[in-house]
Amino acid sequence: MKIVIIQYNAGNIQSVDFALQRLGIDAEITADPDKIRKADKVIFPGVGEASGTMKYLKENGLDKVIKSLEQPVLGICLGMQLMCTYSEEGSSTCMDILPAPVKKFSAKPGLKIPHMGWNKVEALNQGIFSVLDQKYVYFVHSYYVPQNKHTKLTSNYDGTFSAAMQYKNFYGVQFHPEKSGEVGAQFLKEFITL
């Protein structure tokens, strides 16, 4: 099985690769459209800023490559947000794969932004996300996707938000499975064995 991690101007790519290595999975980190298209599974991780990252993806044609994929694709954190329609971060038009907006957490007394740390998630139905039901996973984000019809996991930080989404072959998680210990490793295994 061929696993590809998309290489672009975002942090966290190496830690996703290390998480897969701990599971005995070798992945190739590449920006080569041919290799991405031929992979069995594609992981689109991300830590960074939406508008600059979308600009980079468009300039390098990676946005079109990602949108054209038919195999399972997993977007992590910024990766999930960039697969949405629009982000308030830098007023960015995103890839419009997951039909939902990305909003900024409101600054309120006692509410720290970014939302950082372990939060419990709740699965809304069966499927690969059910292994995470009522478990704690690790988040670091200032922007969120409101709950919508494609939400598969919810969490709460000043209200309910999408901790995971799925639309067709595209899966997205707002948390970091590579930083979520055994629970995160279990989820990555579920995705790889889809």
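**Reading a predicted model, residue by residue**

Biologist: Is Cys 77 buried or exposed, and how would I tell?

Modeller: Cys 77 is buried, because its relative accessible area is 7%, and the cut-off for calling a residue buried is under 20%. Please keep in mind from the start that this is a predicted model.

Biologist: Where in the chain does Cys 77 sit, and what is its phi?

Modeller: Cys 77 belongs to the loop that runs between strand E4 (73-76) and helix H5 (78-82). Its phi is positive, at about 55 degrees, although Cys 77 is not a glycine. Gln 134 can be read in the same manner: here too phi is positive, about 65 degrees, in a residue that is not a glycine. Gln 134 is placed in the loop between strand E9 (122-123) and strand E10 (136-141), and with a relative accessible area of 39% it is partly exposed.

Biologist: Which residues lie nearest the centre of the largest pocket, and how much space lies in it?

Modeller: The largest pocket holds about 160 Å³ of space. Its lining is made of 13 residues, and those nearest the centre are Gly 48, Cys 77, Val 140, His 141 and Ser 142, so you meet Cys 77 here once more. The elements that contribute two or more residues to this lining are H5 and E10. If you sort the lining residues by kind, you find five nonpolar, seven polar and one charged.

Biologist: What surrounds His 141, if I leave out residues up to four places away in sequence?

Modeller: His 141 lies in strand E10 and counts as buried, at 4% relative accessibility. Leaving out residues up to four places away in sequence, His 141 touches Phe 105, Pro 114, His 115, Phe 161 and Gln 174. With one of these, His 115, there is a polar contact between the two side chains, at 2.8 Å. A polar atom of the His 141 side chain also lies 2.7 Å from the backbone oxygen of Tyr 143.

Biologist: Pro 114 was among those residues touching His 141; which kind of peptide bond joins it to Ile 113?

Modeller: The peptide bond between Ile 113 and Pro 114 is cis, and you can recognise this from omega, which is about 5 degrees. Pro 114 itself is found in the loop between strand E7 (98-104) and strand E8 (115-120).

Biologist: Which residues does Ser 180 touch, and is Ser 180 buried or exposed?

Modeller: Ser 180 is buried, with a relative accessible area of 2%, and its place is the loop between strand E14 (170-173) and helix H6 (181-192). Not counting residues up to four places away in sequence, it touches Trp 118, Val 137, Tyr 138 and Phe 175. For Tyr 138 we can be more specific, since its backbone nitrogen lies 2.9 Å from a polar atom of the Ser 180 side chain.

Biologist: How far apart are the C-alpha atoms of Gln 186 and Gly 90?

Modeller: Those C-alpha atoms are separated by 34 Å, and the two residues are 96 residues apart along the chain. Gln 186 is in helix H6, where it counts as partly exposed at 33% relative accessibility.

Biologist: Finally, what does the UniProt record annotate for residues 15-191?

Modeller: The UniProt entry, which is unreviewed, gives these residues the annotation "domain: Glutamine amidotransferase". In the model, this span is 27% helix and 33% strand, and its end C-alpha atoms lie 17 Å apart.

Terms used
Residues numbered from 1 in each chain as written. Predicted model: local features only at pLDDT ≥ 70, side-chain atom pairs only at ≥ 80, totals over all residues. Heavy atoms only, no water. UniProt positions renumbered as here; feature names shortened; annotations may be inferred. Helix = DSSP H or I, 4+ residues; strand = E, 2+ residues; numbered from the N terminus. Buried < 20%, exposed > 50% of the residue type's maximum accessible area, 1.4 Å probe, protein only. 1 Å grid on protein atoms, 1.4 Å probe; cavity = no way out; pocket = protein on both sides within 12 Å on 5 of 7 lines; lining within 4 Å. Points joined across faces, edges and corners; volume = space filled by probe spheres on them. Nonpolar A, V, L, I, M, F, W, Y, C, P; charged D, E, K, R; others polar. Polar contact = N/O pair within 3.5 Å; in protein donor to acceptor, adjacent residues only side chain to side chain. Contact = heavy atoms within 4.5 Å.
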